[in-house]
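Here is a friendly tour of a multi-chain model, written for someone who likes to check geometry by eye. Please keep the viewer open as you read.

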Amino acid sequence: MAVTWLRRLANQAPVPVFPVVGIAGEAALEALYLSPAVTVVQSPKRARALAVMGSIDYRDQQALRRVHGQVPAPRVTAWCSAMAVPQELSGSAIVVDATDQLGQQIQQAVHSLDAGQQSSDPNLCPDQPPAPWKGVGDGHGGEGMMGGKPYGRPMAMPEDDLRDGLQLDPLVFSIGPFSPLLPPGMAAKVTLHGDVIAGWEVLSRPYELTLPAVFYQALEQPVAVADLELARAAFHIRRLAAALQLNGLGAHARRLRHHAVELKPGQSIDDLVNARVLQSLRWVAGAGKGIVHDENWIRLRGPAARAGGDARDARLNDPAYVALGFEPVVQKQGSCAARWKQWRDEAGQALTLAAAAAKARAMSSPSGAVESPVGELTKSTPPVDISDLMPSLLVGLEWSEAMSVLASFDMAAVRYTDVIQLQGGGE
Amino acid sequence: MTSTLLIASACTVLLALLVGAYCVAAIDGAITARVTGQTPGNPLLIPLQNAARLWHAPHNETETPDRPALRLAPVLYLVLAAMGLALVPWSRDFVPVDLTTGIVFWGAIEPLATVLVFLKGWAPNAHFPLLGAYRYVSLGLSYILVSMFVLIGVALPAESLQISAVVDTQAELWNVVRQPLGLPLFLVVGLGVSFWGPLNFIDADDLHGGAASEEAGRVQLLWSTGRAAMLLAFSAIAASAFLGGWHGPWLPGPVWLILKTLAVVVLLVILGHTLPRVSPERFLTIAWVILLPLSFLSLAGAGVEALL
Amino acid sequence: MELKQLLVLLLVVIITAGFGFWVQHVPGESKKSIPWPQRAPFLGGGQPDTHAWSRFHIRYYPMTLLLIAFEMEMMFMYPWAVVYVSEGIKALAEMGMFLGILSIGILYGWREGAFKWQ
Amino acid sequence: MSAVDITFYINAAIAIYAGWRVFVTDSMVRASFFLLISFLAVGVIMLLLAAVYLGVALFFMMAVEMMVMALFMVMFMMNPAGLNPMKMVHQEKVAIAAGVVAFAALSAVAVFGEFPSRTIPEGWQPVVSLGHELLGDSMLVFESAGVTLLATMIAVVMLTSHRGRYGDANHGSRPPGLEPGGDPADKPEETEEGGHHHHHHHH
């Protein structure tokens, strides 16, 4: 009896879920963050369930299988995606269409798995060591000190350090495409000397970002400025939440994520997040780093460009915004901290604008360009990918600094053509 | 000391350890709920629910781990916390382990904890735990000098390294008043030894959770229990060294000790939810260039004050 | 007296350690082997080129050596603290001198960047 | 046999076993911590001998020192975790001979030496007497230890710190310019030698 009592207690706790985010999976991830039935964890090894949200590029199917295999069995796979469920999982994966049901359904599935009413997912990867056993010796693998492939993996070989002349082993590994530290779909080959990044090769670019629908609509038809600005504020606030989480302020991040879904025009940004907490973000590792120089500068767009002092903003061309007295906010430094400050300021500004726009019932006038939260969105040129800037920005930074810099950029290209087609088809 | 007292002492420590670790988790949950503005459930039950969930969760192991280290590190970390808690005097007559060198013993617990936290990150043979482990050692080796200086500061007026003697000197005036720099500096040590909040270098979110990224189930349960227990043990030591321990009017000694300990826990948890994580390199410089000279100053102040 | 204190400590250690091992190895826990894909280090779907254990550049190594020198000296301070009040001003002067000497070491280390990542 | 005796034998056995494992294990990090275990067991024996301060101080010192040793093992040794087997013993014959001689000599001291058998007076406090000693007859030794440690610290920084006071040591220390971005305030050709000693007069 004691066991079932313990089990009942365990079932009241939220289920840890590892999210795999694909194209157009952003909304489902936000819903997952808000669900009280689950907690989103950073590593599949501590998760009970894998949530696949959005469609995964063909090139990343193998990585998806690897991550799936790293959730300890018995596990649940939840499928919230336009993609078909892989054949091996078709019997066991739960398919969820409504994103707001995702957390609930995962929790129920894990409970019935634990109760023995459902069987676990099969393993998709073969149960083999990563490399064939090579070498000699008594239960070891290699020859000499460094040779062979002991226990299925080779050993590192020394290389000159980039900062001082020591010859030590670099730590080389590829990270992503489903690392919570990188934008979804981005994979990179990292070379670490100590904890300093000596090499950052982009293996695959992040998936195209899907913006909130209102920004696409604004291209074609007049939409309420209040709606546009609320969506912008929510977008910035969610990115700030990610930056807070990365720097160890998870509770504040959760607070922001909850506020982001129920923003009201005229709300003060300081009510959403303590100003001092955001100020302290500017004090963390890497806050002064990540400044884009010279010829690459022109490739920055939207808030990232404005964080470096460039007042470009498509909203200035919209009479509705001019009537509301809109002036773009800018920062000077163009660093990681400046971009975070820019997000905060733009979110605050957006909330104020939304209040004024709601009062004046302002409607945007489509002029072929909409200022989206990640830069100017036009029919011909949606914001393009800038993940190739990362190597020059990250090499030489310590790991924690590099992660802060990564969290201050919007690297991904923005989806345009297929979104418009989808929306057109729906009408 | 009779054998009854002996067993009673041991039982008190063990009970305080378990109940205290639960309290730390509950306080953390309550403060998290306050910050997020969301109440996911009964804050008193949440730690138990999470523990029960971890109890039933499947476990994980990595490729060719250093198994003895993997198994020992969480257990011994909890043991260190228990040893630290055993040093704390509950009242004038009841001190579970009243070593004449109690302060040095607590000092030894800190670097031993560093060794275990390092081993925790080292043992899985995985990248992010390992990065966390190396980082943590830079922290662990930086704060011990600060800790030594502030604790020597409280030993000066007591003319003893015995923690009960240190508490006795605070009957009229607490050390937090006499040595105002001591407690703030010591709190940094507390955040470090239990890798809490801004000094969580090993289980950090910028490493996918660091050492925590490769553990699951009961090991995770044990490790987080140990961490909460260490925070508790530290708070009890801090309450004894700076807040007068069991001294206080009206209420009996042990109640005062518990209240003061929980006050320090609350303070540390709030700090943990307010300050962002410090960069490892920056903390190294801060610890040696700012905190260490400040602890010199604190000791000098304590020395002059003790002679007056 | 001291030995009885140590006995309590020993009791606490043994019971806590027993509890810890019990939590890790409760009877009834399924002892099935963990598949290799799950064992691989988590890199967000990526793969390592080598084992994680390799010669790693500990970038704060000058600090560790400074610490050893400093800590050696700190061990003198505990007995000093105990007799401080009874020895009075002499103890203050002596330790002031001693710490002054060592502060020079810290200052030198700071100026030479020993407390920065190498 | 009293409980103290049993504890002594257990800890002596742990100390010897862990000390032996240091030389057998392939993993250098493990070797460092085996040495730590050995020292910790010796520390417990010291506690049993009523050397409370020395015993606890041994825990303290060795925890720090073995941690640092493990870090240096990771930096120095290829294969720090012993994934490939390796031989830790060199010049075996000499080592065995030296070991046997040392063991014989120490055993002879233990067996034939005369040890005082005074019991410790009640209320005797070893820490206090150590403190009085440090402030009494041994004061000179104590202060010279301070100077020696300062010399150690400076030597450590000079030998290990890659960063000089004006930048990388192996690029030659150069003083900053007299104006921002200007030429170094020293003769540029001196930087080829990279010596610190040229620049003292700028401070």
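Let us begin at a turn in chain A. Two residues lie between the strands in the hairpin of β9(A) and β10(A), and there Gly194(A) takes a positive phi near 60 degrees. Before going further, some ground rules: this is a predicted model, in which local features need pLDDT of at least 70, side-chain atom pairs count only at pLDDT 80 or more, and totals for chains, interfaces and linings use all residues. Residues are numbered from 1 along each chain as its sequence is written, while chains are lettered from A and ligands numbered from 1 in the order in which they are written.

**The sheet around the turn**

The hairpin strands belong to an open sheet of three strands in chain A, ordered β8-β9-β10 and paired antiparallel. Its edge strands, each pairing on one side only, are β8 (171-175) and β10 (196-204) of chain A. From one strand to the next, the twist averages 15 degrees; for angles of this kind, axes are lines fitted to C-alpha atoms, for helices over the stretch in contact, and angles run from 0 to 180 degrees between N-to-C directions. Strands here (E, at least two residues) and helices (H or I, at least four residues) are DSSP runs numbered from the N terminus, and two strands pair if DSSP finds at least two bridges between them.

The pairings can be followed residue by residue. Strand β9 (residues 187-193) of chain A is joined to β10(A) by seven bridges. Along that pairing, Val190(A) faces Trp200(A), and Lys189(A) stands opposite Glu201(A). On the other pairing, β8(A) and β9(A) share five bridges in the antiparallel sense, with Leu171(A) opposite Leu192(A).

How many residues of β9(A) are buried? Five of its seven residues are, so β9(A) is largely enclosed by the rest of the structure. A residue counts as buried if 20 or more other C-beta atoms lie within 10 Å of its own, exposed if 12 or fewer, and partly exposed in between, with C-beta atoms placed from the backbone.

**Elsewhere in chain A**

Another hairpin links β11(A) to β12(A) through two residues. Strand β11 (residues 369-372) and strand β12 (residues 375-378) of chain A run antiparallel and are joined by four bridges; Ala369(A) stands opposite Thr378(A) in β12(A).

A cis peptide bond is worth a look too: one joins Ala73(A) and Pro74(A), with omega about -5 degrees. Pro74(A) sits in the loop between α3 (61-70) and β4 (76-80) of chain A.

Helix α12 (residues 336-360) of chain A contains Ala356(A). This residue is partly exposed, having 18 other C-beta atoms within 10 Å. Ala356(A) and Leu324(A) are 32 residues apart in sequence, and their C-alpha atoms are 7.0 Å apart in space.

On a broader scale, chain A is divided into domain 1 (2-114), domain 2 (156-204) and domain 3 (213-426); the bounds come from an automatic or database domain assignment. The centres of domain 1 and domain 3 of chain A, taken over C-alpha atoms, are separated by 29 Å.

**Positive phi in chain B**

Two residues of chain B other than glycine have positive phi.

| Residue | Phi | Loop |
|---|---|---|
| Thr64(B) | near 35 degrees | between α2 (46-56) and α3 of chain B |
| Trp250(B) | near 60 degrees | between α9 and α10 (253-274) of chain B |

Which of the classes, exposed or partly exposed, fits each one? Thr64(B) counts as partly exposed because it has 19 C-beta neighbours inside 10 Å, whereas Trp250(B), with 6 such neighbours, counts as exposed.

**Where chains B and C meet**

The contact between these chains involves 56 residues of chain B and 52 residues of chain C, where contact means C-beta atoms, placed from the backbone, within 7 Å. On the chain B side, α1 (3-36), α3 (67-86), α5 (127-158), α9 (217-242) and α11 (280-307) each supply at least two residues. By class, that side has 36 nonpolar, 12 polar and eight charged residues. Ala, Val, Leu, Ile, Met, Phe, Trp, Tyr, Cys and Pro count as nonpolar, Asp, Glu, Lys and Arg as charged, and the others, Gly among them, as polar.

**Confidence**

The predictor gives the complex an ipTM of 0.90 and a pTM of 0.91. Chain B has a mean pLDDT (the predictor's confidence in each residue, from 0 to 100) of 90, with 100% of its residues at 70 or more. For chain C the mean is 84, and 93% of its residues reach 70 or more. Among the elements of chain C, helix α4 (residues 89-111) has the lowest mean pLDDT, 84, and helix α1 (residues 2-24) the highest, 88.

Conventions. Two residues are in contact if their C-beta atoms, placed from the backbone, lie within 7 Å.
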